[in-house]
Amino acid sequence: MKDVNVGICGLGTVGGGTFNVLTRNAAIIAGRAGCNIRITRVASRHSRDDLELGSFPFSTDIFDVVNDPDIDIVVELIGGYDAAKELVLAAIAQGKHVVTANKALIAVHGNEIFEAAEKAGVVVAYEAGVAGGIPVIKAVREGLAANRIDTIAGIINGTGNYILTEMRAGREFGEVLKEAQALGYAEADPTFDVEGIDAAHKLTILAASGFGVPLQFEKAYTEGISGITPYDISHAELLGYRVKHLGIARRRDDGIELRVHPTLVPQSHLIAQVDGVLNAVLVDGDAVGQTMYYGPGAGDEATASAVIADIVDVARAVASNSQQRVPYLGFRPEALEDLSVLPMEDVQSAYYLRIQAFDHPGVLAKIAAILSEHGINIESIMQKESEFKDGRIPVIILTHTVQERQMNLAIEEMEALADIDGKVVRIRAENFN
Ligand SMILES: NC(=O)c1ccc[n+]([C@@H]2O[C@H](COP(=O)([O-])OP(=O)(O)OC[C@H]3O[C@@H](n4cnc5c(N)ncnc54)[C@H](O)[C@@H]3O)[C@@H](O)[C@H]2O)c1
Ligand SMILES: N[C@@H](CCO)C(=O)O
Ligand code: NA
């Protein structure tokens with residue numbers, strides 16, 4: 001059997017997991033790949049005493065991997081933008097294939113990287129970057145190749161889902177975030193998880209590869225979970241909904257909705273049942289209907305599973321000298337459609353609203369009149385006995401689907417009423433029927 005040589009850059013959570021699984025399952029993997037996949041070099045800022053690294057060269061300089069003429073595949077697991085981009089472009093320039101788990105890099109610099117890789121005839125594979133161990137890029141680019149895909153939505157950040165799940169059980173945000181960091185789930189900068197930036201990176205990649213459009217991360221709408229209160233989580237539950245942090249991409253005739261935000265989903269929907277570090281991605285194709293992909297979204301060996309699946313794909317091509325490639329974004333570059341991301345005001349959604357009203361006669365009628373003027377229908381309304389004993393009563397409303405522009409105007413008018421205290425809390429809601 002032929003040898004295919006792999007160099008790993010970055011020996012942290014994912015690098016360590018990749019090393020361990022490739023070593024432990026070498027025979028199984030060789031049987032599937034039809035070649036021996038050998039780690040012949042590792043580079044990282046620090047070595048790891050807990051790994052049995054063996055006799056191959058280890059260095060602290062990642063460019064030692066790129067410059068090693070014997071290496072066929074460079075595995076980028078350092079994370080971040082600048083050094084990773086330099087590394088990947090240098091590998092491509094040397095005619096080496098690249099496997100990465102770095103969704104930030106692909107979402108922000110992917111158009112440029114893929115163009116360079118196409119010219120050089122090398123693969124840049126990124127399955128581990130999207131929904132961790134779930135083979136969702138494989139599903140979207142290959143398994144669903146027959147379909148026109150119009151909706152991709154799901155829970156695509158493990159850390160955020162872990163936090164929301166634990167908050168539902170009454171735990172405190174900061175404490176749970178620290179736990180997710182200790183478990184190796186969180187990004188180097190955990191605001192990427194909590195503020196939805198990481199989910200927006202992944203959604204950008206999913207939308208591009210599912211819809212066949214260029215990567216447009218800078219136009220994604222991103223709202224995090226740091227403003228979600230236990231009060232709204234429990235009141236959503238009373239209404240039969242669960243608060244989840246979702247990425248939602250919709251292809252419409254006039255453009256693409258690309259948005260990450262906390263979302264109410266019916267408790268009965270499969271997505272509502274996805275807890276902890278697990279992720280789930282729902283894909284709606286015109287031929288197949290709705291399919292859902294579920295599994296661990298982060299963690300060392302779960303993510304390594306996806307890294308190695310990409311290594312196997314590339315190794316098969318290297319070992320058989322094949323020039324056949326799956327296009328980077330599922331579609332040939334010349335077939336990508338010039339469809340741009342819609343402004344958030346054009347997005348359509350249902351809404352959960354929490355309004356702190358003073359207990360004045362007629363206040364409910366005024367709220368209803370404002371909503372009605374903007375064509376917003378009420379699905380249900382709940383007026384709570386004041387828990388604050390200060391004359392304010394929370395009014396909770398669930399609306400039908402409406403354009404965000406209309407909702408913005410209605411909220412502005414409600415907040416201007418003397419009968420209403422402070423800001424109206426708004427959380428979007430989706431049914432995915
Ligand atoms: N942790 C997860 O569950 C997970 C899941 C999917 C994708 N990812 C992605 O995988 C990548 C790695 O994440 P991680 O959690 O393993 O991070 P990590 O911080 O645990 O590991 C990164 C490693 O790279 C090394 N490194 C960083 N920059 C370097 C440089 N310039 N030169 C040499 N070494 C350098 C660090 O010393 C560290 O050992 C990131 O892009 C991340 O977004 C992580
Ligand atoms: N920080 C990311 C890692 C997986 O991409 C998450 O929690 O989902
Ligand atoms: Na994946």
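## A walk around Lys-202 and its neighbours

Start by selecting Lys-202: with a relative accessibility of 4%, this residue counts as buried. Keep in mind as you go that you are looking at a predicted model.

**Stop 1: Lys-202.** Colour helix H10, which runs over residues 197-211, and you'll find Lys-202 inside it. The UniProt record, an unreviewed entry, puts an "active site" annotation on Lys-202. Now show the side chains: Lys-202 makes a polar contact with the side chain of Asp-198, at 2.6 Å. What else does Lys-202 touch, once neighbours within four places in sequence are set aside? Light up Lys-103, Gly-129, Val-130, Ala-131, Ile-156 and Asn-157, and you have the set.

**Stop 2: ligand 2.** Next, click on ligand 2. Lys-202 and Asp-198 are among the residues surrounding this ligand, and so are Lys-103 and Asn-157. Add Gly-158, Thr-159, Tyr-185, Ala-186, Glu-187, Asp-193, Gly-297 and Ala-298 to complete the ring of names.

Try a few distances here:

- From the side chain of Lys-103, an N or O atom sits 2.6 Å from an oxygen atom of ligand 2.
- Glu-187 has a side-chain N or O atom 2.7 Å from a nitrogen atom of the ligand.
- Asn-157 places a polar side-chain atom 3.5 Å from a ligand 2 oxygen.

How much of ligand 2 does the protein bury? On its own, ligand 2 exposes 250 Å², and 94% of that is buried by the protein.

**Stop 3: ligand 1.** Stay with Glu-187 and bring up ligand 1: a polar side-chain atom of Glu-187 lies 2.8 Å from one of this ligand's oxygen atoms. Two backbones are worth showing as well. A polar backbone atom of Val-14 is 2.8 Å from an oxygen atom of ligand 1, and one from Thr-13 is 2.9 Å from a ligand 1 oxygen. Taken alone, ligand 1 has 830 Å² of accessible area, of which the protein covers 82%. Select everything around ligand 1 and you should get 22 residues, the closest being Thr-13, Val-14, Gly-184, Glu-187 and Gly-299.

**Stop 4: the sodium ion.** Hop over to ligand 3, a sodium ion. Which protein atoms act as its donors? Glu-127 gives both its O and an OE atom, while Val-130, Gly-132 and Ile-134 each give an O. These donors lie 2.3 to 2.7 Å from the ion. You may recognise Val-130 from the contacts of Lys-202. Along the sequence, the donor residues follow the spacing E-x2-V-x1-G-x1-I. Gly-132 and Ile-134 are both buried.

**Stop 5: Glu-257.** Now select strand S10, residues 255-266, and pick out Glu-257. Is Glu-257 buried or exposed? With a relative accessible area of 2%, Glu-257 is buried. Its side chain is joined to that of Arg-259 by a polar contact of 2.9 Å. Beyond its neighbours within four places in sequence, Glu-257 has contacts that include Ile-248, Arg-250, Arg-252, Leu-342 and Asp-346.

**Last stop: Lys-2.** Finish at Lys-2, in the segment before strand S1 (3-9). At 44% relative accessibility, Lys-2 is partly exposed. Draw a line from its C-alpha to that of Cys-35: the two residues are 33 apart in sequence and 5.0 Å apart in space. Leaving out neighbours within four places in sequence, Lys-2 is in contact with Cys-35, Asn-36, Val-318 and Ala-319.

Conventions
Residues are numbered from 1 along each chain as its sequence is written. Chains are lettered from A and ligands numbered from 1 in the order in which they are written. This is a predicted model: local features need pLDDT of at least 70, side-chain atom pairs count only at pLDDT 80 or more; totals for chains, interfaces and linings use all residues. Side-chain values use heavy atoms; hydrogens and water are left out. UniProt positions are given in the numbering used here, feature names are shortened, and annotations may be inferred rather than shown by experiment. Helices (H or I, at least four residues) and strands (E, at least two) are DSSP runs, numbered from the N terminus. Buried means under 20% relative accessible area, exposed over 50%, partly exposed in between (1.4 Å probe, protein chains only). Contact means heavy atoms within 4.5 Å. A polar contact is a pair of N or O atoms within 3.5 Å; within protein, one must be able to donate a hydrogen and the other to accept it, and residues adjacent in sequence count only if both atoms are side-chain atoms. Donors are N, O and S atoms within 2.8 Å of the metal (3.2 Å for Na, K and Ca); water is not among the atoms, so sites may look incomplete. A residue is near a molecule or strand if one of its heavy atoms lies within 4 Å of it. Accessible areas come from the Shrake-Rupley method with a 1.4 Å probe; for residues, only the protein chains shown count as cover.
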